[in-house]
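Trainee: Before we begin, could you go through this structure with me slowly, one question at a time?

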Amino acid sequence: MMDLSKYVTYLISFFRRLRIRAFRAMGGDGGTEEELTAQETALYDRQIRVWGVDAQKRLSKAHVLVCGVNGTTIEFCKNIVLAGVGSLSLMDDHIVTEDDLSANFLIPHDVCMQGVSSRAEACCESLKDFNPMVRVAVAIGDPSLIDEGFVDRFDIIVVSCASLKTKLFLNDNCRKRSKHIAFYSVECKDSCGEIFVDLQNHSYLQKKPGGEPEQQELTYASLQEAISVPWKNLPKKTTKLYYATRVLESYELSEGRDPGETGLSDLPAVLAWRKDMCDRMSLSESQIPTALLERLLAAGKKEHPPVCAILGGILGQEVIKSISCKGDPIKNFFYYDAADGKGIMEDIPPTPVEQFA
Amino acid sequence: MASAAAPASSEEAVKAAKVLMVGAGGIGCELLKTLALSGFSDIHVIDLDTIEVSNLNRQFLFRKSHVGQSKAHVARDAILKFRPNINIESHHANVKDAQFNVDFFKQFNVVLNGLDNLDARRHVNRLCLAAEVPLVESGTTGFLGQVTVHVKGKTECYECQPKPIPKSYPVCTITSTPSKFVHCIVWAKELLFAKLFGDKNQDNDLNVHSKDGSSSKSDVFERDVDEDLDQYAQRIYDHVFGYNIEVALENEETWKNRRRPNPVYIRDTLPEAVKQNGSSRDCSNDHEEPSAMASLGLTNPQEIWTLAENSRVLLEAFKLFFEKREKEIGNLVFDKDDQLAVEFVTAAANIRAHSFGIPLHSLFEAKGVAGNIVHAVATTNAIIAGLIVIEAIKVLRDDYKNYRMTYCLEHPTKKLLLMPVEPFEPNTSCYVCSETPLLLDVNTKVTKLKEVIDKIIKSKLGMNLPLVMIGSTLVFEDGDGLEEDEAANYALNLEKVLAELPAPVINGTKLTVEDFQQELSCSINIKHREEFDEEKEPDGMVLSGWSAPVEKQINSNGENKSAASSSSAHATDDTVEDPSKPGMKRKLDELLETKENCDASSSAQVVEDDDDCTMLDGNPALIKKKRLQ
């Protein structure tokens, strides 16, 4: 019996590899043999001057999945459709409500009033309009239930407005595949935002001052690893937003709530949660100011449109860097807070993996 | 104290605000969208431009079907589709038009700039100062961007800090001794192209004298009556790339310390063309825009053509202008969106580059240099637009302690990708927002008033419609509504040298110059000087007294711009003093050196920018200034 099950596993993985090879043979590996068409050169002229022809060709062969359509991810979608990715799939079955209009500029008023379209459907048509050369499609389904093989269709997966559990599940799925799939999660809470990046093993060309670009290798932590680092091991200057986000996330998970389904009334419970976590992780509670938790709780699901634009812009740039294998990517968290205006990168866990090897 | 008057919440402040957006291009499209989403409901937008194909990769409110239409109007209509209940007024006009005067500006609570050129930025800055309306200024180049806040009396104005000015080249570098590809481009674009296809009455420094006995006419560029087009094209080719180089080589002094150029003749580069005397072209398609590349079967704009290919493109483009676009000849001005003009200029620049041992470039690269094309991507514009709205809301709430200049960086500097910096106090020696007099070194015995007005008052001080007074004598006034005799009198004055004006200008004289539209007035003290260095002081006069614009070496080869941008950012990693304080002192000038890209490669002409050009100034380390308290 054991042998049979091993054989089945082997068969599955064999066919999976075969499929990937077939996919690569179709040009899925970002091969750069063909020239851009005159139409592409004219349309993309200004950005080719930023990232080069090869990057543009790789972009046109990349497939992106966005799970969770909100103000922030729609900014991201706009950016990468304009940039000219190969395809973009939107997964969000929630029926559009008036709340969705506040930070999302792609949902027409009448669509909202009909109350029949999903968020993904409502945005799909407008996104197609932005760039006829990009295939934009709706992927019906629930991100927390998608099967492993499904993620193989994509090179990039971006998740938002999903529970921690779903994010861990998707990140894990990406990591299990033999194909390289980059994983990003992004959340905007009013004036604050967080981006998480997992590129697994990423090699890219790093520009060197005055010299030839050099090949660089980076190894990323999984989401699970990145959020379970003992706090006492983190550098003193680690942004308070990292800790505050972990407290809220873990509180929401324990209460079985969706992200942002919390309010100021949760403050006492959240403060108790903070104390508990800080005690366990040997961190002073002052590192997670009450005022900051209050701001995040009051935000709920609200997104501040300028912050959506900033997060969607940074995320767009990151995905372009990752597809083109050009430029230093974020490793592995990005935080923005409109209150102090800083856009900060954090590397967590900070210890290089090689030391353990 | 101020809090009593300040609106209680940002929502209220936003709802009550009336804002002016200048520019509906790369930043403008993003900004209008973010403003509308953020609850702004009374927005005016001004833009002079119409939509082009190369805008569509980032100016997401525009579609292919909109090409040729007004950016301001189309952007307004696109936003109203998803926010039908807000008020947007669009103006398809130049912000420098007289209708946008100080009173017009006074109706707004804040002005937001998404502009593409220094000239308009300075103009808006002055109107905002005069109208006492806060200004949020912005710019992007590639992955770099910045947002700054300018509030009269509280922070520095846009012109308190020196701005890099477009690089100009000494005429002789362009006409005789090019050493960089950009010099060849300037020659091809502003001399050869202008001479052949532009206004014949314009001054042109192209070497036209001819003594090659074959031709007896005064201008070798004129076509002979019986000359066929192929002969004409080949004659021009041999004249500018062959004969003119031979003449230049005769002057041994020039080449003492320089590499000697090689003359290039058509018989050497394209022997078959001379024999055939006329290529047969049957693939020309009358429906499409004429293109030498298309008729020669060249498809890849990224490819560097050989000398022979460049020669073929040049001759073909030349002929196509005469065959397909003859009506335009005499009125053409180089335009980066004119394919045939770009082909002609690329080929001519490359042939000249070959002569002078300068590496050749592809059409794509040459177009970037010739058109001063700015690198632009949607993401940076989106981020910058978000930052503009965040600052605008602070301005509306009068939350001046939290005003920040924010820099968007390509490489994190001490963990920061978005770096906030506290704004600076006004520069007390700024001629725009303080009353500090300027100093002009000039030879008053030979310099005409016209030269001072063109080269200094308009070009350097950025005045639109200036008025010049010497003591109480009015010697010049610009603009409409002048009496005929006044106008005639001023025209006479323009041609007079300074010392011979009705009120003579000599050493120690004080000029008062004013621009009524900008409500700007400043004094210039004159210092007489006889000698000027032709290379270093090509204007024949030197303006000083405020921090003069820094003229930087441009990255002119167009070959490694992106590499340069990254290296400059790397180079500054160590100069940042304290990463944790937002108001740190730092060398942003190096960090943001890529701003040069938007000024790259123009001769003394005004830079004609693409839509999102930046003037990434942010150069706090250059002048020591106190930070805003």
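The questions below go from the two chains to their contacts and then to single residues.

Trainee: What kind of model are we looking at, and how many helices and strands are there in chain A?

Mentor: This is a predicted model, which we should keep in mind throughout. Of the 357 residues of chain A, 46% count as buried, and among its contacts with a separation of 6 or more, 71% join residues 24 or more positions apart. As for its elements, chain A has 12 helices and 10 strands.

Trainee: How many helices and strands are there in chain B?

Mentor: Chain B has 629 residues, of which 49% count as buried. Residues 24 or more positions apart make up 72% of the chain B contacts with a separation of 6 or more. The elements of chain B number 21 helices and 14 strands.

Trainee: Which domains does the assignment give for chain A, and how far apart do their C-alpha centres lie?

Mentor: The assignment gives domain 1, made of residues 45–226 + 303–356, and domain 2, made of residues 228–299. The two are in contact, with 21 residues of domain 1 of chain A meeting 16 residues of domain 2 of chain A. On the domain 1 side of that contact there are 11 nonpolar, two polar and eight charged residues. The C-alpha centres of these two domains of chain A lie apart by 25 Å.

Trainee: How many residues of chain A and of chain B are in contact with each other, and what is the make-up by class of the side of chain A that touches chain B?

Mentor: The contact involves 46 residues of chain A and 52 residues of chain B. Several elements of chain A each supply at least two residues to its side, among them α2 (38–59), α12 (305–324) and β10 (342–346). By class, that side of chain A consists of 23 nonpolar, 11 polar and 12 charged residues.

Trainee: In which sense do β10(A) and β8(B) pair, and which residue stands opposite A:I344?

Mentor: These two strands, one from each chain, pair over two bridges, and the sense is antiparallel. Within β8(B), the residue opposite A:I344 is B:L416.

Trainee: Which helix gives the most residues to the largest nonpolar core?

Mentor: That core has 198 residues, and those touching the most other members are A:L88, A:I195, B:V19, B:V110 and B:V111. The helix that gives the most to this core supplies 13 residues, spans residues 378–396 of chain B, and is named α16.

Trainee: Which residues does B:V111 touch, not counting residues up to four places away in sequence?

Mentor: B:V111 is one of the residues that touch the most other members of the largest nonpolar core. With residues up to four places away in sequence left out, B:V111 touches B:L20, B:V22, B:F105, B:V124, B:C128, B:V133 and B:L135.

Trainee: Which residues does UniProt list for "binding site", and what is the largest C-alpha distance among them?

Mentor: The UniProt record, an unreviewed entry, lists B:C157, B:C160, B:C430 and B:C433 under "binding site". These residues are spread over 277 residues of sequence, yet they cluster in space, and their largest C-alpha distance is 8.6 Å.

Trainee: Why does B:C157 count as buried?

Mentor: B:C157 is found in the loop between β6 (144–150) and α6 (171–175) of chain B, and the residues it touches include B:C430 and B:C433. A residue counts as buried if 20 or more other C-beta atoms lie within 10 Å of its own. B:C157 is therefore buried, because the number of other C-beta atoms within 10 Å is 23.

Trainee: Is B:C172, which UniProt lists for "active site", buried, exposed or partly exposed?

Mentor: The listing comes from an unreviewed entry, and B:C172 lies in helix α6 of chain B. A residue is exposed with 12 or fewer other C-beta atoms within 10 Å, buried with 20 or more, and partly exposed in between. Because B:C172 has 13 other C-beta atoms within 10 Å, it is partly exposed.

Trainee: Which residue of chain A does B:P301 touch?

Mentor: B:P301 is found in the loop between α12 (292–296) and α13 (307–324) of chain B, and it counts as buried with 24 C-beta neighbours inside 10 Å. Leaving out residues up to four places away in sequence, B:P301 touches B:S362, B:L363 and B:F364 in chain B, and in chain A it touches A:T41.

Note on methods: Residues numbered from 1 in each chain as written. Chains lettered and ligands numbered in written order. Predicted model: local features only at pLDDT ≥ 70, side-chain atom pairs only at ≥ 80, totals over all residues. Core = buried A, V, L, I, M, F, W, Y, C linked by C-beta atoms within 7 Å. Helix = DSSP H or I, 4+ residues; strand = E, 2+ residues; numbered from the N terminus. Contact = placed C-beta atoms within 7 Å. UniProt positions renumbered as here; feature names shortened; annotations may be inferred. Nonpolar A, V, L, I, M, F, W, Y, C, P; charged D, E, K, R; others polar. Pairing = 2+ DSSP bridges. Domains from an automatic or database assignment.
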